[in-house]
Amino acid sequence: MEVDLVVPMKHPRDGKSRLRGAVTPDRHPALVLALAADTLAAVTSAARVRRVLLVASDPAAVAGLAELGVEIVAEPPEHTLNAAFRHGADLLRRDDPHAVVGALQADLPALRAIDLADAIAESDHRRAFVADRQGTGTTLLLSAPGAPLDPRFGPGSARLHEASGAVPLREKLPTLRSDVDTPEDLAHVKALGVGKHTAELFT
């Protein structure tokens with residue numbers, strides 16, 4: 001089973017507000033871009049991933065990420081995370097109405113392609129999700145083939161996705177569960193081993 005993934009991204013200067021101070025203020029946009037670049041590098045090398053659509057608030061600000069093999073489009077008029085996921089899913093479904101589409105967060109700098117591939121395999125054509133390591137958020141949501149993605153990201157999204165019928169995936173998937181919102185999260189992914197783009201900011 002192959003999947004097409006939607007990854008949302010704010011302007012780098014605006015993203016990851018709770019990480020401000022992890023690097024000097026002038027380097028904060030570079031940190032946001034590095035987190036995304038390491039995420040996307042892993043995603044585009046993963047087995048079972050066919051297309052990756054980056055839905056950006058400012059496509060020009062993230063244009064360099066296209067070098068990683070992703071397609072970049074502008075976000076819709078409704079500037080919310082779930083609207084970005086729905087917009088990307090709709091665009092992907094225009095080309096393949098029966099596709100499995102997924103929503104993936106852009107802040108997984110320790111992601112290993114094998115964890116993503118294992119999650120896709122475990123989903124087994126079901127609408128399914130991967131909770132973050134705290135068990136409250138969601139890092140990945142997958143649709144069933146041709147069925148609605150129905151993203152419900154935001155506070156308590158793991159509970160909301162399960163309540164909406166999505167199956168929680170049970171494999172360990174440590175690097176797929178480790179998104180970065182806080183300095184504590186950043187320390188955690190450094191211990192796991194981040195990709196080269198994030199690592200370069202701390203060497």
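**Buried and exposed elements of the predicted model**

With a relative accessibility of 3%, Leu173 counts as buried, because this value is under 20%. The structure described here is a predicted model, and the values given below are computed from it. Leu173 is placed in the loop between β7 (167-168) and α5 (183-192), and its phi is near 45°, a positive value in a residue other than glycine. Most residues other than glycine have a negative phi. Another residue with a positive phi, His125, has a value near 70° and belongs to the loop between α3 and β5 (128-131). At 44% relative accessibility, His125 counts as partly exposed, because the value falls between the limits of 20% and 50%. Asp124, just after α3, likewise takes a positive phi, of about 50°.

Helix α1 covers residues 28-44, and its 17 residues should span 24 Å at 1.5 Å a residue; the C-alpha atoms at its ends are 24 Å apart, which agrees with that expectation. Of these 17 residues 12 are buried, so α1 is largely enclosed by the rest of the structure. The buried set comprises His28, Leu31, Val32, Ala34, Leu35, Ala36, Ala37, Asp38, Thr39, Leu40, Ala42 and Val43. Among the elements that cover these residues are the strands β1 (3-9), β2 (49-56) and β4 (100-104), together with the helices α3 (113-123) and α6 (196-200).

The contacts of α3 can be described in a similar way. Its buried residues are Asp115, Leu116, Ala117, Ala119, Ile120, Glu122 and Ser123, and they pack against β1, α1, β2, β5 and β6. Helix α1 is thus found among the elements against which the buried residues of α3 pack, while α3 is itself one of the elements covering the buried residues of α1.

For helix α2, the 15 residues should span 21 Å at 1.5 Å a residue, and the separation of 22 Å between its end C-alpha atoms agrees with this. Within α2, the residues Asn82, Ala83, Ala84, Phe85, Gly88, Ala89, Leu92 and Arg93 are buried, and what covers them includes β1, β2 and β4. One of these strands, β2, contains Val55, which is buried, its relative accessible area of 1% being under 20%. When residues up to four places away in sequence are not counted, Val55 touches Val6, Val7, Pro8, Met9, Val73, Ala74, Glu75, Pro76, Ala84, His87 and Gly88. The C-alpha atom of Val55 is separated by 16 Å from that of Arg13, a residue 42 places away along the chain.

Arg13 also serves as a reference point for Asp26, which is found in the loop between β1 and α1. These two residues are 13 apart in sequence, and their C-alpha atoms are 9.2 Å apart in space. At 63% relative accessibility, Asp26 counts as exposed, because the value is over 50%.

A search of the whole structure for aromatic pairs finds 1. The ring centres of Phe85 and Phe153 lie 4.6 Å apart and the ring planes meet at 35°, so the pair is tilted. Phe85 lies in helix α2, whereas Phe153 lies in the loop between β6 (138-142) and α4 (157-163), so the pair ties together parts of the chain that are 68 residues apart in sequence. Both Phe85 and Phe153 are buried.

Empty space in the model was examined as well. Rolling a probe the size of a water molecule over the atoms shows where such space is left. The largest pocket holds about 970 Å³ of space. It is lined by 36 residues, of which Lys10, Lys16, Leu81, Gln105 and Asp181 are the closest to the centre of the pocket. The elements giving two or more residues to this lining are β1, α1 and α2 (81-95), and the largest share, 3 residues, comes from α1. By residue class, the lining divides into 11 nonpolar, 15 polar and 10 charged residues. Helix α1 is therefore both largely enclosed by the rest of the structure and a contributor to the lining of the largest pocket.

Notes. Residues are numbered from 1 along each chain as its sequence is written. This is a predicted model: local features need pLDDT of at least 70, side-chain atom pairs count only at pLDDT 80 or more; totals for chains, interfaces and linings use all residues. Side-chain values use heavy atoms; hydrogens and water are left out. Helices (H or I, at least four residues) and strands (E, at least two) are DSSP runs, numbered from the N terminus. The expected span of a helix is 1.5 Å times one less than its number of residues. Buried means under 20% relative accessible area, exposed over 50%, partly exposed in between (1.4 Å probe, protein chains only). Contact means heavy atoms within 4.5 Å. On a 1 Å grid over the protein atoms alone, a cavity is a set of points where a 1.4 Å probe fits but cannot get out, and a pocket is an open set with protein on both sides within 12 Å along at least five of seven lines; lining residues have an atom within 4 Å of a point. Grid points are joined across faces, edges and corners, and a volume is the space filled by probe spheres set on the points. Ala, Val, Leu, Ile, Met, Phe, Trp, Tyr, Cys and Pro count as nonpolar, Asp, Glu, Lys and Arg as charged, and the others, Gly among them, as polar. Rings of Phe, Tyr and Trp (its six-membered ring) pair if their centres lie within 6.5 Å; planes under 30 degrees apart count as stacked, over 60 as edge-to-face and the rest as tilted.
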